[in-house]
Amino acid sequence: MNRFKIACLVICILAFGFFANTAFAKKVVIISGVAEKNVTDIGYNLIHDGIKEVFSSEGTTLEFQYIALEKKGEKEEAGMAAVARAKASNPDLVITINDDCLKYVGMKFDNIPVVFAYIFGKPASFGLPKANVTGVTRRSYAADIWALANKLLGVKTVALMSKDSVSMQNVRKYLFAGADKLEAASGVRYKEMYLINTFEDWEKSVKAFPEDFIYLADTSRIKKGDKTLTREETTSWTVANSSKPVIAATERDVAAGAMFAIVTSERAIGINAAEIAKKILAGTAPSEIKYVQSKKGKLVVNMKTAQQYKIEIPYDILSSAEKVYE
C-alpha cells in the first residue's frame, strides 16, 4: 500500500472516530435546588465533584444549573421555569439535587430520564415510582449519632435545630414517625425539630432550649437582618452560647465547633448519582434501576469542644474517627 493510500486510510479512521464520538456524545444537566451562591456553603459543590469525577473520562457534556426554591408561594412557578431552562439545553438526562428540586423540577419531566440525589424524603412521598425517574436517597445517621451522645454525655432527650426547607420538613416527619425505634436504638428520645429562618428565632431557641442536647441539621442560610450567615457563623455562635452540648449532622458544623458527627459523604452521593446516570445513558431504563441509599458514614470529632465539655473520648471511639479537629 503506497503512502497516499495509507494517509487516506488514516484520515478516514480519524474522521470516523470524530463523527462517531459526536454522534454518541451525551449531555447531562445537573440542577441544584438552591441559588448558585449557596452551593459551596451547603456542600453541593462536593456532590458536583463526585459527578465530575465519574464523567471525567467521558465525552459527556455537563451543564450545571441552579434554582432557588425557598419562597413557599413561588416554588411551583420557579420549578416550571427551571424545567423550561433545562429543556432548552436539550439534555439526554437530568440530575436533580435535594428534595425541593425533585418535587418541583425533576418530577415535571416525562420524556427525559431523571436521576435524583441527596433527598431525605421517602421516594413515595414525591409520587414515585415513575418510569423515567430513579436515584440516590440520603441516609439518616441520627440513631448512630444519638447513641454516641448517650454513651459520652449521658443524655436522654434531643431536639433538632435547622434551616426551614422541604428537605428538613421531611426529616421532621421521619423523626416523629420513627421516634420509638430511634429511642430503642439510641437510648435518646426525640422531642422536636425547630425549623427556623431568622437568627432572632435561632437565638431564642438556643437560649431557651429544653432538651438535653442540641442536634444541628442544616445551619446554612440563616438570616440576620440583611445578612445571610454562613454555616460556620451560625454553628460557632450556637456552641459559644448554648448551655447544652451541641452535636451536628455535618462535618462543616463539627469543624466550626460542634462536638462530633457521623456524616454522609456528599462526594460519594455525587458518584452514585453519576454512575446511575451512566447506566441510563448506556441504554438501561430508569425503571430497571433500584434506588440507591448512601452508605455508612464517617465519624468526625472536634476535640477542642470535647475538652470544653470536659468529656474524655475513649480511645476505641477516637481511633475510629476519620477526622479529628484540634
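**Close-up views of a predicted model**

**View 1. Helix α6 against a four-stranded sheet.** Helix α6, formed by residues 142-153, lies across strands β6 (157-163), β7, β8 and β11, and its direction makes an angle of about 150° with that of β8. The model shown here and in the views that follow is a predicted one. The four strands make up an open sheet in which the order is β7-β6-β8-β11 and the pairing is parallel. Strands β7 (189-196) and β11 (246-248) occupy the edges and have a single partner strand each, so one side of each is left without a neighbour in the sheet. From one strand to the next, the twist of this sheet averages 25°.

**View 2. The pairing of β8 with the edge strand β11.** Strand β8, which covers residues 213-216, is joined to β11 by three bridges, and the two strands pair in the parallel sense. Within this pairing, Y215 is placed opposite I247 of β11.

**View 3. The three-stranded sheet and its contact with α6.** A further open sheet consists of three strands in the order β12-β14-β15, and its pairing is mixed. Here β12 (260-263) and β15 (323-325) are the strands at the edges, each with a single partner strand, so that one side of each is left without a neighbour in the sheet. The strand-to-strand twist averages 15°. Strand β14, residues 298-302, pairs with β15 in the parallel sense over three bridges, and V300 has K323 of β15 as its bridge partner. Helix α6, already described for the four-stranded sheet, also lies across β12 and β14, where it runs at about 155° to β12.

**View 4. Strand β4 between its partners β3 and β5.** Six of the six residues of strand β4 (residues 114-119) are buried, and the strand is accordingly described as mostly covered. On the side of β3 (residues 93-97), the pairing is parallel and is built from four bridges, with V114 of β4 as the bridge partner of V94. Strand β5, residues 133-137, likewise pairs with β4 in the parallel sense over four bridges, and here V115 has T134 of β5 as its bridge partner. The connection from β3 to β4 includes helix α5 (residues 99-104), and these three elements make a right-handed β-α-β unit.

**View 5. Strand β1 and its two parallel pairings.** Strand β1, residues 27-32, is largely enclosed by the rest of the structure, because five of its six residues are buried. Strands β1 and β2 run parallel and are joined by six bridges, and K27 stands opposite T61 of β2 in this pairing. Strand β1 also pairs with β3 in the parallel sense, over five bridges, with I30 placed opposite I95 of β3.

**View 6. The surroundings of Y66 in strand β2.** Y66 belongs to strand β2, which comprises residues 61-66. Its relative accessibility is 22%, so Y66 counts as partly exposed. Although Y66 and S32 are 34 residues apart along the chain, their C-alpha atoms are separated by 4.9 Å. When residues up to four places away in sequence are left out, Y66 touches S32, V34, A35, E36, V39, H48 and R85.

**View 7. The packing of helices α3 and α12.** Helix α3 (residues 44-55) packs against helix α12 (residues 266-281) at an angle of about 40°, and their axes are 7 Å apart. The two helices are therefore oblique to each other, and their crossing is right-handed. On the side of α3, the contact is made by L46, I47, D49, G50, I51, E53, V54 and F55, while α12 contributes E266, R267, G270, I271, A274, E275, A277, K278 and L281.

**View 8. The chain as the setting for the close-ups.** The chain contains 14 helices and 15 strands, and its C-alpha trace spans about 85 × 45 × 40 Å along its principal axes. Of its 326 residues, 51% are buried. Among the contacts in the chain with a separation of 6 or more, 68% are accounted for by residues 24 or more positions apart.

How values were computed. Residues numbered from 1 in each chain as written. Predicted model: local features only at pLDDT ≥ 70, side-chain atom pairs only at ≥ 80, totals over all residues. Heavy atoms only, no water. Pairing = 2+ DSSP bridges. Axes fitted to C-alpha atoms, helices over the stretch in contact; angles between N-to-C directions. Contact = heavy atoms within 4.5 Å. Buried < 20%, exposed > 50% of the residue type's maximum accessible area, 1.4 Å probe, protein only. Right-handed = clockwise from strand over helix to strand, strands pointing away. Parallel < 35°, antiparallel > 145°, perpendicular 65-115°, else oblique. Left-handed = near helix turned anticlockwise from the far one by under 90°.
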